[in-house]
Amino acid sequence: MKGYKIIVLAKQVPDTRNVGKDAMKADGTVNRAALPAIFNPEDLNALEQALRIKDNFPGTTITVLTMGPGRAAEIIREGLFRGADDGILLTDRAFAGSDTLATSYAIAQTLKKYGNYDIIIAGRQAIDGDTAQVGPQVAEKLGIPQITYAEEIQAINKGMVTVKRRLERGVEVVKCPMPLVVTVNSSAPDCRARNAKLIMKYKHAKTISEMQVSNEDYLHLYNDRPYLNIKEWTVQDIEVDMNELGLTGSPTKVKKVENVVLQSKGAKVITSSDEDMDQLMRELIENHTIG
Amino acid sequence: MNSVFVYIEIEAGQVAEVSMELLTKGRALATELKCKLEAIAIGFKLDGIEKDIFPYGVDVLHIADDKRLAPYTTLPHTSIVVKLFQEEKPQIALMGASSVGRDLGPRVSSALHSGLTADCTSLVIGDHEDKKLNKEYTDLLYQIRPAFGGNIIATIINPDCRPQMATVREGVMKKEILDPKYKGTINKLDVSKYTSDVDFVVEMIERHMEKSKVNIKGAGIIVAGGYGVGSKENFNLLFELAEVLGGEVGASRAAVDSGYVDHERQIGQTGTTVRPKLYIACGISGQIQHRAGMEESAQIIAINTDPEAPINSIADYVITGDVAEILPKMIKYYKANTK
């Protein structure tokens with residue numbers, strides 16, 4: 001069996017879920033240093049779906065594609081440690097300030113250049129923006145169908161992929177021809193852990209930029225073991241209209257950003273009176289804790 | 001003046017709640033902009049659906065009615081909306097931030113190269129000055145939404161591309177009928193002109209209602225109960241509050257051991273560790289084992305009859321009193337202060 005060509009779209013994100021009391025500075029701004037950069041959680045669910053296809057269809061290859069700064073190569077290594085076969089880091093200053101549409105344009109152009117895919121799997125949304133837009137926008141730009149809110153890729157048979165979707169009030173099972181984009185929910189199974197053998201194999205996997213700053217003694221490694229080379233692509237490697245990238249290519253602009261100021265520490269003691277309860281709910285709504 | 005458009009979501013032949021809320025908002029925006037409010041309903045057997053739509057002040061209702069258009073699938077709905085928007089050139093288009101709207105919206109925005117802002121909590125008309133380009137814009141749609149895990153509130157605009165698209169979650173906007181006798185016109189679309197056969201490649205095999213699994217780890221708001229809640233029945237109040245706030249119900253080990261709720265909701269050293277934006281601890285004394293699983297929550301409200309309960313030492317708000325009295329008041333005043 002020849003297997004399938006799978007691309008996993010992944011993003012490195014600040015861990016906004018684990019916003020503890022130290023994540024906000026005294027002035028109410030986000031303390032980015034206190035937020036570690038992680039593999040976007042639903043992208044890990046996506047990777048697991050890809051790995052299951054690889055388990056069932058020997059010969060399947062998984063390529064992790066991410067767009068971001070140089071350090072985003074970390075999540076490609078993370079993908080390799082868990083069973084992906086290779087990765088592409090798409091990185092260029094020209095991408096800075098991209099909204100979802102400019103991002104999906106860059107990713108779609110990369111996929112057109114790379115070609116050779118049967119299934120593109122991504123997390124439903126990234127936790128830093130929660131928009132859930134890039135997956136469908138990429139699908140549209142490639143002119144292929146999409147299955148969003150996927151919980152399980154159940155079967156692949158005769159060029160058709162069967163997917164179970166988890167919606168607000170129920171589930172749907174749909175069948176869709178390849179190639180397609182699937183975006184995966186957090187309700188899908190967690191990603192398997194890193195594999196010790198794969199960590200040994202890929203721990204020196206690096207992009208060209210990372211190699212340039214690393215110890216020269218290792219450079220022979222990358223000639224002997226080509227799988228340690230993580231592809232690093234810039235706008236030079238894909239065909240793009242520069243006007244479609246970055247801030248210029250983004251129809252949405254951020255007009256204003258307000259930091260949500262969290263309450264100062266030290267408990268407020270309140271009673272169960274109507275006035276106090278009314279006041280409490282008002283406060284929680286006003287500081288966007290709820291509502 | 002170009003219109004404001006609302007995409008009508010149809011659920012089991014009925015207009016979805018979120019669509020009625022968006023029609024209400026759409027009407028207000030259209031009135032302020034002195035333009036028409038239009039709606040697009042796509043589905044099957046939609047005869048008479050206008051009776052549920054015109055009263056919100058809809059001037060034109062576009063209907064695409066075909067057996068193959070229900071239940072919702074991405075491609076044919078996208079084709080219809082994209083083609084209609086190319087013809088009608090709306091200035092604003094609103095959709096529900098549901099699994100339908102969040103599937104359709106980005107696809108449409110990608111095809112039209114128009115900006116889309118997801119999960120807006122507020123939509124306001126305002127002006128904008130681009131100092132770099134020395135350009136002034138009037139009557140833009142300010143799309144206001146939380147971002148960065150709710151730690152910032154961003155105002156997004158689409159100065160140059162149309163339509164300005166936004167999705168809004170159910171329950172965020174108020175639903176209000178403008179005039180039960182409001183008269184709009186119907187425009188029936190010829191579905192064959194708006195779709196092609198390739199739009200129907202996705203086949204629906206099965207569709208049924210099914211409860212989701214409990215996901216307390218991913219919840220932004222957790223209403224947790226302890227032994228002090230007193231009974232399984234009283235726990236229903238926690239479920240009610242969690243539902244209203246869009247959160248999940250958690251529990252201490254003592255509450256789980258007492259059989260008030262299932263083990264999958266247990267928070268603490270032997271359960272799940274959580275760090276939500278808001279943790280409401282009801283009748284939980286706050287033993288160290290429980291605190292280990294939740295003390296990193298961004299905000300903590302402790303409700304307890306014992307003013308000396310250990311949980312109070314890590315709480316941001318301490319309410320001394322009875323859970324059965326306090327939770328209904330929280331629900332009441334939450335509802336009174338939203339919308």
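In this predicted model, A:Q146 of chain A has A:V181 as its bridge partner in β10(A). That pair belongs to the link between β7(A) and strand β10 (residues 180-184) of chain A, which run parallel and are joined by three bridges. β7(A) also pairs with strand β8 (residues 160-166) of chain A, here in the antiparallel sense and over six bridges. One pair to look for is A:E152 with its bridge partner A:K164 in β8(A). β7(A) and β8(A) form a hairpin with two residues between them. In the turn, A:K158 has a positive phi of about 50 degrees. Strands of a sheet pair through backbone hydrogen bonds, and the pairing can be either parallel or antiparallel.

These strands can now be placed in their wider setting. The open sheet that holds them has 10 strands, in the order β11(A)-β5(A)-β4(A)-β1(A)-β6(A)-β10(A)-β7(A)-β8(A)-β9(A)-β13(B), and its pairing is mixed. Reading along that order, the eye passes from chain A into chain B at β13(B). The edge strands are β11 (231-233) of chain A and β13 (203-209) of chain B, each of which pairs on one side only. On average, neighbouring strands of this sheet are turned by 25 degrees against each other, direction ignored. At the β11(A) edge, strand β5 (residues 86-90) of chain A runs parallel to β11(A), with three bridges between them. Within this pair, A:L90 has A:W233 as its bridge partner in β11(A).

A helix packs on this sheet as well. α3(A) touches β1 (5-10), β4 (61-67), β5, β6 (119-123) and β11 of chain A. The direction of α3(A) makes about 145 degrees with that of β4(A).

Helix α3 (residues 100-114) of chain A also has a helical partner, helix α4 (residues 134-142) of chain A. Two packed helices are described by the angle between their axes and the distance between the axes. For α3(A) and α4(A), the angle is about 50 degrees and the axes lie 8 Å apart. The two helices are therefore oblique to each other, and their crossing is right-handed. From α3(A), the residues that meet α4(A) are A:T100, A:L101, A:T103, A:S104, A:Y105, A:I107, A:A108 and A:L111. On the α4(A) side, they meet A:V134, A:Q137, A:V138, A:K141 and A:L142. Sorted by class, this contact has eight nonpolar, four polar and one charged residues.

Chain B offers a helix pair to set beside this one. Helix α2 (residues 74-88) of chain B packs with helix α3 (residues 101-112) of chain B at an angle of about 45 degrees, and their axes are 9 Å apart. α2(B) and α3(B) are therefore oblique to each other, with a right-handed crossing. α2(B) contributes B:T74, B:H77, B:T78, B:V81, B:V82 and B:F85 to the contact. α3(B) contributes B:D103, B:L104, B:R107, B:V108, B:A111 and B:L112. The residues of this contact divide into seven nonpolar, three polar and two charged.

The contact between the chains comes next. Chain A gives 70 residues to it and chain B gives 73. On the side of chain A that touches chain B, the elements giving two or more residues are α3, α4, β7 (146-157), β9 (170-177), β12 (253-259), β13 (268-270) and α8 (274-286) of chain A. β9(A) makes the largest share of that side, with eight residues. By class, the side of chain A that touches chain B has 28 nonpolar, 22 polar and 20 charged residues.

Strands of the two chains pair in a second sheet too. β13(A) and strand β18 (residues 317-320) of chain B run parallel and are joined by three bridges. Among the paired residues, A:V269 has B:V318 as its bridge partner, while A:K268 has B:Y317. The open sheet here has six strands with parallel pairing, in the order β13(A)-β18(B)-β17(B)-β16(B)-β14(B)-β15(B). β13 of chain A and β15 (248-251) of chain B stand at the edges with a single partner strand each, so one side of each is left without a neighbour in the sheet. Neighbouring strands of this sheet are turned by 20 degrees against each other on average, direction ignored.

Finally, chain B can be viewed as a whole. Chain B is divided into domain 1 (4-200) and domain 2 (221-337). The centres of these two domains, taken over C-alpha atoms, are separated by 38 Å.

Technical notes. Residues numbered from 1 in each chain as written. Chains lettered and ligands numbered in written order. Predicted model: local features only at pLDDT ≥ 70, side-chain atom pairs only at ≥ 80, totals over all residues. Domains from an automatic or database assignment. Axes fitted to C-alpha atoms, helices over the stretch in contact; angles between N-to-C directions. Helix = DSSP H or I, 4+ residues; strand = E, 2+ residues; numbered from the N terminus. Parallel < 35°, antiparallel > 145°, perpendicular 65-115°, else oblique. Left-handed = near helix turned anticlockwise from the far one by under 90°. Contact = placed C-beta atoms within 7 Å. Nonpolar A, V, L, I, M, F, W, Y, C, P; charged D, E, K, R; others polar. Pairing = 2+ DSSP bridges.
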